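These are my notebook entries on a single chain, written down in the order in which I looked things up.

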Amino acid sequence: MTIKKVSFIFIPIIMTIFMVVIGMLTRNSYINDVDVNKYFNDKELNYTISKYEEDITKVFTKFESLKNLDELEKESPIIVKAKVDSKSPRIRYYLTTLTTVKVLNVYKGKISNDFISVFEPIDIIDAVDSAGTINSVDGYNWMDKEKEYILFLRPLKDSHYSDDSVVYLPTTTVLSKYQIDESKVSLLDEDKMLNGSLKYADIKNQEVVLYEDQYVDKFNNFKRDVLNKYN
């Protein structure tokens, strides 16, 4: 058999094997990329805020429409104290992150398990690039695994996201999660927020990311009332 014939036979085989290996590596890279935990200390990640692309009232109660804690409680079938389960991955979905939390106390509603899954309206886009971007709905920020929180939630029927029959969603984007501590949200620079020059490392410790005085004051007032009642 001539060298030419051998090459004709084996080159396609080698190319096929090469493509299979590349495909497997690519698939594995996607699998390994779904957990946001590995990104929290990345100082190169940019940060942006976006408004919900569809009618937000189909998913969340607009935080602008809530006047006080009583109204937030009425809109929230579930109120709990919880903490992020640091042993579980935090799985990325489109515009959201599914986070497992341990329920420490139930103030309203019924929770059947000690651990529940909560959709957080924040995600990473262009994560394969060295300078990916954190995209947050309305300024929501991830729960810190070192903190405890009071959460105002709505249950959603779960068909495949977890082993439970339901998953949970914040009642509003920015008024449904409160760190149990004395910290306050501070006003951020509006120009930096809107021109995309802000790094996530600059704001990672903020409970929520806000750049308008009225909403900063509103969040801090809600937090005061929540902690006075539930902590």
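Entry 1, unusual backbone angles. I began with Asp-138, which is buried, with a relative accessible area of 8%. The model I am reading is a predicted one, and I keep that in mind throughout. Asp-138 lies in the loop between E7 and E8, and I noted for this residue a positive phi of about 65 degrees although it is not a glycine. Most residues other than glycine have a negative phi. I then turned to Leu-95, for which a positive phi of about 65 degrees is also listed, although it is not a glycine. Leu-95 has its place in the loop between strand E3 (91-93) and E4, and at 13% relative accessibility Leu-95 counts as buried, because the cut-off is under 20%.

Entry 2, strand E7. I asked myself how many residues of E7 are buried. Five of the five are, so E7 is largely enclosed by the rest of the structure. When I looked at the two faces separately, I found Thr-133, Asn-135 and Val-137 buried on one side, and Ile-134 and Ser-136 buried on the other. For the neighbouring strands, I recorded that E1 (residues 46-50) runs parallel to E7 and is joined to it by five bridges, with Thr-48 standing opposite Asn-135. Strand E6 (residues 122-125) runs antiparallel to E7 and is joined to it by four bridges, and here Ile-125 has Thr-133 as its bridge partner.

Entry 3, the loop between E2 and E3. Ser-88 is found in this loop, and at 18% relative accessibility Ser-88 counts as buried. I checked its side chain and found a polar contact with the side chain of Asp-85, at 2.5 Å. Leaving aside neighbours within four places in sequence, I have Ser-88 in contact with Asn-37 and Thr-100.

Entry 4, helix H5. The 18 residues of H5 (residues 213-230) should span 26 Å at 1.5 Å a residue, and the end C-alpha atoms are 26 Å apart, which agrees. Among the buried residues of H5 I listed Tyr-215, Phe-219, Phe-222, Val-226, Leu-227 and Tyr-230, and Lys-218 and Lys-223 are buried as well. I then looked up what the buried residues of H5 pack against, and the list holds helix H2 (69-75) together with strands E2 (78-84), E4 (96-108), E8 (148-157) and E10 (177-179).

Entry 5, aromatic rings. The count comes to eight aromatic pairs. Trp-142 and Tyr-200 form one that is edge-to-face, with 5.7 Å centre to centre and 85 degrees between the planes. Trp-142 lies in the loop between strand E7 (133-137) and E8, whereas Tyr-200 lies in helix H4 (residues 200-203), so the pair ties together parts that are 58 residues apart in sequence. Both Trp-142 and Tyr-200 are buried. The rings of Tyr-178 and Phe-219 have their centres 5.1 Å apart and their planes at 25 degrees, so I entered this pair as stacked. Tyr-178 lies in strand E10 and Phe-219 in helix H5, so this pair ties together parts that are 41 residues apart in sequence. Tyr-178 counts as buried at 0% relative accessibility, and Phe-219 counts as buried at 1%. Following the ring pairs onward, I found that they link Tyr-107, Phe-152, Tyr-178, Phe-219 and Tyr-230 into a cluster.

Entry 6, a charge over a ring. My last look-up was Lys-177, whose charged end sits over the ring of Tyr-140, 5.0 Å from its centre.

Notes: Residues numbered from 1 in each chain as written. Predicted model: local features only at pLDDT ≥ 70, side-chain atom pairs only at ≥ 80, totals over all residues. Heavy atoms only, no water. Expected span 1.5 Å × (residues − 1). Buried < 20%, exposed > 50% of the residue type's maximum accessible area, 1.4 Å probe, protein only. Contact = heavy atoms within 4.5 Å. Phe/Tyr/Trp six-rings, centres within 6.5 Å; stacked < 30°, edge-to-face > 60°. Lys NZ or Arg CZ within 6 Å of the ring centre and 35° of its normal. Polar contact = N/O pair within 3.5 Å; in protein donor to acceptor, adjacent residues only side chain to side chain. Pairing = 2+ DSSP bridges.
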